[in-house]
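Trainee: Could you take me through one part of this structure up close? I'd like to see who touches whom, and then have a quick look at a few spots elsewhere.

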Amino acid sequence: SGNMYAAAAFSGTVIAATAAAALYLMIKHNAAQSACLPKLEWLNVKLAVLRLPGGADVGHFAPQGTPKFYSVTCTPDETSIVLEEQCAISRQACFAGNCEVEQGWVVFKLEGPLDFALVGILSRIASVLAAKKISIFAMSTYDTDYVLLRNHVQAAATAALRRAGYTIMDAVEDVADTEV
């Protein structure tokens, strides 16, 4: 019966060692995976998205000085502008009736520069957020990507992305606008 206890103790030690090794490999894999993920940074700005007719003159929408975020995309069908909410509100009247405005957006930036050869960077972020029913509005510059979300989902998006292994800098957990 002494051999049975020794065998059981040995077996328990092997199981514990195997579990510890598996846990170590899982932690190492998750750390390696997280190291490959770009860092994300919330920008301290509330944005609006404007839709104007294609070919619209957008010169008077340009913000004064250096904006926290400003983007213009023009196609024959429409012109889209993303800019700070206050700037959008003050300039909306310039297009009386021909300007749609969606307020209440926040944005995070992917740490860049990102190489053009990288594949699936936005797709992975979009998948994490889609699993939580959070829609995105993605934008890119030459160096990096930006993801806009409705401000009332910022805390949920931050939590989901952190659980997925992303490092988020300057995250704002408590958003003033809590509409659902």
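Mentor: Sure! Start where helix 3 and helix 4 cross: the crossing is right-handed. Keep in mind that this is a predicted model. To find the pair, look for residues 121-130, which form helix 3, and residues 154-163, which form helix 4. Their axes lie 9 Å apart, and the two helices pack at an angle of about 120°. Because of that angle, helix 3 counts as oblique to helix 4. The cut-offs help here: roughly perpendicular covers 65 to 115 degrees, and roughly antiparallel begins over 145.

Now zoom in on the contact itself. Helix 3 brings Ile125, Val128 and Leu129, while helix 4 answers with Ala157, Ala160 and Leu161. Sort the residues of this contact by type and you get six nonpolar, no polar and no charged.

Stay on helix 4 for a moment. Which of its residues are buried? They are Gln154, Ala157, Thr158, Ala160 and Leu161. You've already met Ala157, Ala160 and Leu161 in the contact with helix 3. The buried residues of helix 4 have other partners too: besides helix 3, they pack against strand 1 (40-53), strand 4 (100-110), strand 6 (145-150) and strand 7 (168-169). Past the end of helix 4, look for glycine 165, whose phi is positive, near 105°.

There's another positive phi to spot, and this one is in a residue other than glycine: lysine 133, with phi near 60°. You'll find lysine 133 in the loop between helix 3 and strand 5 (137-140). Is lysine 133 buried or exposed? Its relative accessibility is 76%, so lysine 133 counts as exposed.

For a contrast, hop over to threonine 79 in strand 3 (residues 78-84). Threonine 79 has a relative accessible area of 0%, so it is buried. Its side chain reaches the backbone oxygen of proline 53 at 3.2 Å. Leave out residues up to four places away in sequence and threonine 79 still touches plenty of others, including Leu50, Leu52, Pro53, Val58, Val72 and Cys74.

Next, find tyrosine 70 in strand 2 (residues 70-74). With a relative accessible area of 29%, tyrosine 70 is partly exposed. Setting aside neighbours within four places in sequence, its contacts include Phe61, Pro63, Ile81 and Leu83. Try clicking on alanine 48 as well: tyrosine 70 is 22 residues from alanine 48 in sequence, and their C-alpha atoms are 9.9 Å apart.

Last stop: lysine 68, in the loop between strand 1 and strand 2. Lysine 68 counts as exposed because its relative accessibility is 52%, and the cut-off for exposed is over 50%. Even so, its side chain reaches the backbone oxygen of asparagine 44 at 3.2 Å. Apart from neighbours within four places in sequence, lysine 68 is in contact with Asn44, Val45 and Glu84. You can also compare positions with leucine 83: lysine 68 and leucine 83 are 15 residues apart along the chain and 8.3 Å apart in space, going from C-alpha to C-alpha.

Technical notes
Residues are numbered from 1 along each chain as its sequence is written. This is a predicted model: local features need pLDDT of at least 70, side-chain atom pairs count only at pLDDT 80 or more; totals for chains, interfaces and linings use all residues. Side-chain values use heavy atoms; hydrogens and water are left out. Axes are lines fitted to C-alpha atoms, for helices over the stretch in contact, and angles run from 0 to 180 degrees between N-to-C directions. Helices (H or I, at least four residues) and strands (E, at least two) are DSSP runs, numbered from the N terminus. Angles under 35 degrees count as roughly parallel, over 145 as roughly antiparallel, 65 to 115 as roughly perpendicular and the rest as oblique. A crossing is left-handed if the near helix is turned anticlockwise from the far one by less than a right angle, and right-handed if clockwise. Contact means heavy atoms within 4.5 Å. Ala, Val, Leu, Ile, Met, Phe, Trp, Tyr, Cys and Pro count as nonpolar, Asp, Glu, Lys and Arg as charged, and the others, Gly among them, as polar. Buried means under 20% relative accessible area, exposed over 50%, partly exposed in between (1.4 Å probe, protein chains only). A polar contact is a pair of N or O atoms within 3.5 Å; within protein, one must be able to donate a hydrogen and the other to accept it, and residues adjacent in sequence count only if both atoms are side-chain atoms.
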